[in-house]
Structures are given as structure tokens and as C-alpha cells.
Amino acid sequence: INGSVEVHINDINPPITILYFGSPYYCDGNNWITSSTAVYLNAADNETGVNATWCRVWHNGWNSWALYTTPLHMDEEGLNYIEYYSVDNVEKTEQAKKKCVFVDNTGPEPNKTVGEPREVWDGNDSIFYPWISEYCWNGGPDQIECWKVTMMTPISLKCVDPEPHPV
């Protein structure tokens with residue numbers, strides 16, 4: 001056979017793009033990430049292949065559509081939307097999809113309460129932590145409260161994370 005063969009692919013389906021999160025990531029029905037969490041878009045087209053994936057982010061307004069080439073990182077705390085779609089090599093365009101994500105970069109605020117009986121302790125006679133005296137009540141940013149307590153002293157630890165962010 002001395003001829004050429006032409007093959008035509010009838011591409012009727014657009015690509016399919018999936019969004020997924022790196023870590024840290026938490027889901028309680030809502031998607032929770034931090035600004036360090038990578039947001040990935042993975043597109044596939046089994047017929048002619050993916051030509052491009054496009055995305056944009058909403059936080060108090062949409063930014064412009066941009067070509068997706070590297071993982072996204074959300075800079076703004078609070079509610080964000082990610083909108084995305086892909087186009088294949090014969091211009092079949094996927095319908096844009098949206099994903100809602102909450103960005104929480106603010107850690108919870110711990111609150112420790114030490115009841116009575118107690119007395120202020122300087123840490124100088126510590127057996128297990130010989131270095132602790134330099135941090136007890138030193139007035140610096142690395143200061144810790146040091147107390148001598150008994151087995152009967154109530155100690156309460158609470159953690160407050162301002163709404164709507166989960167602990």
C-alpha cells in the first residue's frame with residue numbers, strides 16, 4: 001500500500017477539570033485552607049487533549065481570568081471563590097465551575113486560667129526544665145507564666161477561634 005491514511009477524530013466532549021487542595025486543608029461541609037495551601041487544577045481530555053486551563057478568584061470582587069500554570073494560593077482571609085474551566089485542542093470549552101473556600105490564617109487564641117492554691121514561681125529550682133527560669137515572668141515576648149500548684153489546683157485551658165473559623 002503506497003498511500004497515506006487520514007484519521008479524523010470526532011471530538012464531541014469538552015475537557016473535565018478537577019480542583020483539589022494541598023495541605024493544610026479541613027472540610028466540615030465548607031472548605032478551609034490557609035494562604036500556604038496549594039490549590040491544584042487538573043484537566044483531562046481523552047480525545048484531542050487539553051489546550052489550556054483558565055481560572056479566576058473572587059474576594060470582594062472577581063479578578064481577571066488567567067491561564068493556570070502553577071498551583072494557586074489564596075492571599076485574602078475569609079470567603080473566596082475559585083472559578084475555572086479548560087479548553088481542548090479543537091476549542092471544545094468546558095462549562096465554568098466554581099468552588100467556595102474559606103481562608104483562615106489567624107490562629108486561635110489560647111486562654112489558661114490557674115486557680116487556687118497557687119504561687120508565683122521563678123523556675124530556679126526546676127528539676128526537669130533547668131532552662132525555664134530565663135522565661136518565667138521575664139517581661140519579654142517569650143515570657144511564660146510559671147506557677148507552683150498542687151494536685152488540687154484547678155487549671156482551665158480554653159481556645160477561642162473567632163467565628164466563622166472553626167477550631
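**Entry 1. Cysteines**

I began with C55, which is buried, with a relative accessible area of 5%. I then looked for a partner for C55. The closest cysteine sulfur belongs to C100, and at 16 Å from the sulfur of C55 it is too far for a bond. I note here that I am reading a predicted model.

Next I looked up C27. C27 counts as partly exposed, because its relative accessibility is 43%.

How many disulfides does the structure hold? I found one. A disulfide is a covalent bond between the sulfur atoms of two cysteines. Here the bond joins C136 to C146, with 2.0 Å from S to S. Both C136 and C146 lie in the loop between β10 and β11, so the disulfide ties together parts that are 10 residues apart in sequence. I also checked the torsion about the S-S bond of C136 and C146. The torsion is about -80 degrees, so I wrote this disulfide down as left-handed.

Are C136 and C146 buried or exposed? C136 is buried, at 8% relative accessible area. C146 is buried too, at 3%. I went back to C27 after this and found that C27 is in no disulfide. The nearest cysteine sulfur to C27 is that of C100, 11 Å away.

**Entry 2. The loop between β10 and β11**

I stayed with the loop that holds the disulfide and looked up two other residues in it. F128 lies in this loop, which runs between β10 (118–120) and β11 (147–149). F128 counts as exposed, because its relative accessibility is 72%. Which residues make a nonpolar surface patch with F128? I listed I127, Y129 and W131 beside F128, and the patch they make has an area of about 560 Å².

S126 is also found in the loop between β10 and β11. S126 counts as buried, because its relative accessibility is 17% and the cut-off for buried is under 20%. I looked for a contact from the side chain of S126. A polar atom of that side chain lies 3.0 Å from the backbone nitrogen of Y129. Y129 is one of the residues of the nonpolar patch.

**Entry 3. D88 and what its side chain reaches**

I placed D88 in strand β7, which covers residues 78–88. D88 is buried, yet I found no salt bridge for it. Which side chain of opposite charge is nearest to D88? It is that of K92, 7.0 Å away. A salt bridge needs a distance within 4 Å, so the K92 side chain does not qualify.

I then checked backbone nitrogens around D88. The D88 side chain reaches the backbone nitrogen of V90 at 3.0 Å. A polar atom of the same side chain also lies 2.8 Å from the backbone nitrogen of K92. For K92, then, I have two values on the page: 7.0 Å for its side chain and 2.8 Å for its backbone nitrogen.

I looked up E91 as well. E91 is found in the loop between β7 and β8 (97–103). Phi of E91 is near 70 degrees, a positive value in a residue other than glycine. E91 counts as exposed, with a relative accessibility of 60%.

**Entry 4. Another positive phi**

Where does N60 lie? I found N60 in the loop between β5 (50–58) and β6 (66–67). N60 is not a glycine, but its phi is positive, about 60 degrees. N60 is exposed, and its relative accessible area is 69%.

**Entry 5. Cis peptide bonds**

I looked at the bond from S23 to P24 and found that it is cis, with omega near 5 degrees. S23 is found in the loop between β1 (16–21) and β2 (25–27), and P24 lies in the loop between β1 and β2. S23 is exposed, with 61% relative accessible area. I also compared S23 with A38. These two are 15 residues apart in sequence, and their C-alpha atoms are 7.0 Å apart in space.

The peptide bond from E116 to P117 is cis as well, with omega near 0 degrees. Where does P117 lie? I located P117 in the loop between β9 (109–114) and β10.

Note on methods: Residues numbered from 1 in each chain as written. Predicted model: local features only at pLDDT ≥ 70, side-chain atom pairs only at ≥ 80, totals over all residues. Heavy atoms only, no water. Patch = residues over 30% accessible without salt bridge, like charges linked within 9 Å, V, L, I, M, F, W, Y side chains within 5 Å. Areas by Shrake-Rupley, 256 points an atom, 1.4 Å probe, with all protein chains shown as cover. Helix = DSSP H or I, 4+ residues; strand = E, 2+ residues; numbered from the N terminus. Buried < 20%, exposed > 50% of the residue type's maximum accessible area, 1.4 Å probe, protein only. Disulfide = S-S within 2.5 Å. Lys, Arg positive; Asp, Glu negative; His and termini not counted. Polar contact = N/O pair within 3.5 Å; in protein donor to acceptor, adjacent residues only side chain to side chain.
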